[in-house]
Amino acid sequence: MRERGSSTNTRLRGGWAIALACVALAASATAQPTDLQAAPVCGQSWQQLPSPTPYSLTGVAWTGTELIAVGATGTILVSPDATTWVPHGTSPLYNLTGVVASPGQLVAVGSAGCILTSPNGGSWSSHNWGLPIGLTAVASAGSGYVVVGYNGTIQTSPDGIIWTR
């Protein structure tokens with residue numbers, strides 16, 4: 001089992017697993033980028049699930065109690081079980097590309113340098129790191145966070161709020 005905050009192949013209670021690649025891009029050739037998929041064990045047959053959003057999904061994280069998926073036009077979905085998803089949208093001005101969970105905080109990143117934080121996945125705060133360069137991924141680094149993006153961008157933060165280039 002991977003640690004809390006992992007964004008790929010996270011093992012969920014009840015034996016369910018969900019993979020970032022399978023949320024971002026559906027596993028079957030006929031599925032759309034917005035289709036959600038889950039499998040009892042990663043690598044076995046995937047079950048296509050209805051999505052509550054028409055927008056592409058590009059990142060997913062496990063908080064320890066629920067999944068958070070992010071995507072285009074500020075889409076944020078929350079699920080306790082990988083089958084039931086509830087929208088918790090933010091600003092449609094930003095496409096969200098990545099999300100990570102760490103104890104007590106979620107951090108999501110996206111286009112135009114968008115960085116969002118949330119204590120619970122329901123309410124989100126926006127933070128500016130200084131440049132409008134698209135961010136593509138975020139990771140929890142034990143003592144803080146690391147984001148990467150276009151033009152070789154690498155930023156670090158001890159708290160997800162204040163960022164250093």
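**Hairpins and sheets in a predicted, strand-rich model**

Strands β13 and β14 make a hairpin with four residues between them, and G142 in its turn has a positive phi of about 80°. Strands here, like helices, are DSSP runs numbered from the N terminus (E, at least two residues, for strands; H or I, at least four residues, for helices). The two run antiparallel, with five bridges joining β13 (residues 135-140) to β14 (residues 145-149); two strands are said to pair if DSSP finds at least two bridges between them. Within this hairpin, A137 has V148 in β14 as its bridge partner.

A word on the ground rules. This is a predicted model, in which local features need pLDDT of at least 70, side-chain atom pairs count only at pLDDT 80 or more, and totals for chains, interfaces and linings use all residues. Residues are numbered from 1 along each chain as its sequence is written, and side-chain values use heavy atoms, with hydrogens and water left out.

As for confidence, pLDDT is the predictor's own score for each residue, running from 0 to 100. The protein averages 78, and 73% of the residues score at least 70. The weak stretch is residues 1-31, where pLDDT stays under 50 and the model has 80 contacts beyond four places in sequence; a contact means heavy atoms within 4.5 Å. Where pLDDT is low, the predicted coordinates should not be read in detail.

Taken as a whole, the protein has one helix and 15 strands. Of its 165 residues, 45% are buried, where buried means under 20% relative accessible area, exposed means over 50%, and partly exposed is in between (1.4 Å probe, protein chains only). The protein exposes about 7,800 Å², with carbon and sulfur atoms supplying 56% of that area; accessible areas come from the Shrake-Rupley method with a 1.4 Å probe, and for residues only the protein chains shown count as cover. Among contacts between residues at least 6 apart in sequence, 34% join residues at least 24 apart.

Next come the sheets. One open sheet has four strands in the order β5-β6-β7-β8, paired antiparallel. Its edge strands are β5 (57-62) and β8 (86-87), each of which pairs on one side only. Two bridges hold the antiparallel pair of β7 (residues 76-79) and β8, and V78 sits opposite V86 in β8.

Another open sheet, also of four strands with antiparallel pairing, follows the order β9-β10-β11-β12. Here the edges are β9 (96-102) and β12 (125-127), and each pairs on one side only. From one strand to the next the twist averages 25° (axes are lines fitted to C-alpha atoms, for helices over the stretch in contact, and angles run from 0 to 180 degrees between N-to-C directions).

Within that sheet, β10 is well covered: six of its six residues are buried, so the strand is largely enclosed by the rest of the structure. Q105, V107 and V109 point one way from β10, while L106, A108 and G110 point the other way. Toward β9, β10 (residues 105-110) pairs antiparallel over six bridges. V99 stands opposite A108 in this pairing, and G98 has V109 as its bridge partner. The β9-β10 hairpin has two residues between the strands, and G104 takes a positive phi near 85° there.

Toward β11 (residues 115-118), β10 is joined by four antiparallel bridges. A108 turns up again in this pairing, with L116 as its bridge partner in β11. The hairpin of β10 and β11 has four residues between the strands.

A side-chain link involves S102, which lies in β9. S102 counts as buried because its relative accessibility is 6%. Its side chain makes a polar contact with the side chain of Y145 at 2.3 Å. A polar contact is a pair of N or O atoms within 3.5 Å; within protein, one must be able to donate a hydrogen and the other to accept it, and residues adjacent in sequence count only if both atoms are side-chain atoms.

Two backbone angles deserve a look. Most residues other than glycine have a negative phi. A112 has a positive phi of about 55° although it is not a glycine. This residue lies in the loop between β10 and β11 and, at 41% relative accessibility, A112 counts as partly exposed. N151 is likewise not a glycine, and its phi is positive, near 60°. N151 lies in the loop between β14 and β15 (154-157) and is exposed, with a relative accessible area of 73%.
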